[in-house]
Amino acid sequence: MKAQALADHLAENPVDDEYEPLKTYFPDEEVMCADEVDRDEKPCWKLLFDGAANMKGVGIGVVLISETGQHYPVTAQLRFHCTNNIAEYEACILGLRLAVDKGIQEILVLGDSDLLVHHIQEE
């Protein structure tokens with residue numbers, strides 16, 4: 001979900017004396033990750049990363065997913081101000097360091113930063 005969409009929704013629906021929470025039903029609310037499974041693909045480690053910077057600070061997050069599907073989430077708050085692109089790089093670096101510490105030899109790295117992905121692929 002885009003942060004702006006969430007901010008717009010909250011601005012349009014303020015909490016006041018007449019507020020009543022929505023009665024919604026989410027059958028899969030315990031699901032943390034949805035992923036397509038390709039049975040022909042050999043199992044491998046995956047690294048998902050993201051970083052964000054705003055006026056309140058900079059946060060980064062990483063999830064390592066093992067060959068068996070075990071998830072290892074890690075988050076951190078950076079103690080220096082930087083751009084969103086630098087936050088993305090820091091998140092990727094954190095994930096790669098975790099992979100090296102675990103002795104992972106081969107890993108699929110997934111991120112939403114086109115700049116970082118194209119830079120790594122030398123495009």
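This short presentation covers the overall make-up of the protein, then strand E1 and one of its residues, Ala53.

Colleagues, please bear in mind throughout that the model is predicted. I begin with the overall picture. The protein has three helices and four strands, and read from the N terminus these elements follow the order α-β-β-β-α-β-α. There are 123 residues, of which 20% count as buried. The accessible surface amounts to about 10,400 Å², and carbon and sulfur atoms contribute 54% of that area. Among contacts with a separation of 6 or more, 53% link residues 24 or more positions apart.

I turn now to strand E1, which spans residues 45–54. With which strands does E1 pair? One partner is E2, residues 57–65, in the antiparallel sense, through nine bridges. The connection between E1 and E2 is a hairpin of two residues, and within this pairing Gly51 has Ile60 as its bridge partner. Another partner is E4, residues 107–111, this time in the parallel sense, with five bridges. There, Lys46 lies opposite Leu108.

Finally, I come to Ala53, which belongs to E1. Is Ala53 buried or partly exposed? Its relative accessibility is 22%, so Ala53 counts as partly exposed; the cut-off for buried is under 20%. Leaving aside residues up to four places away in sequence, Ala53 touches Val58, Cys82, Thr83 and Asn84. Of these contacts, Asn84 deserves a further word: Ala53 and Asn84 are separated by 31 residues in sequence, yet their C-alpha atoms are 5.1 Å apart.

Terms used. Residues are numbered from 1 along each chain as its sequence is written. This is a predicted model: local features need pLDDT of at least 70, side-chain atom pairs count only at pLDDT 80 or more; totals for chains, interfaces and linings use all residues. Side-chain values use heavy atoms; hydrogens and water are left out. Buried means under 20% relative accessible area, exposed over 50%, partly exposed in between (1.4 Å probe, protein chains only). Contact means heavy atoms within 4.5 Å. Accessible areas come from the Shrake-Rupley method with a 1.4 Å probe; for residues, only the protein chains shown count as cover. Two strands pair if DSSP finds at least two bridges between them.
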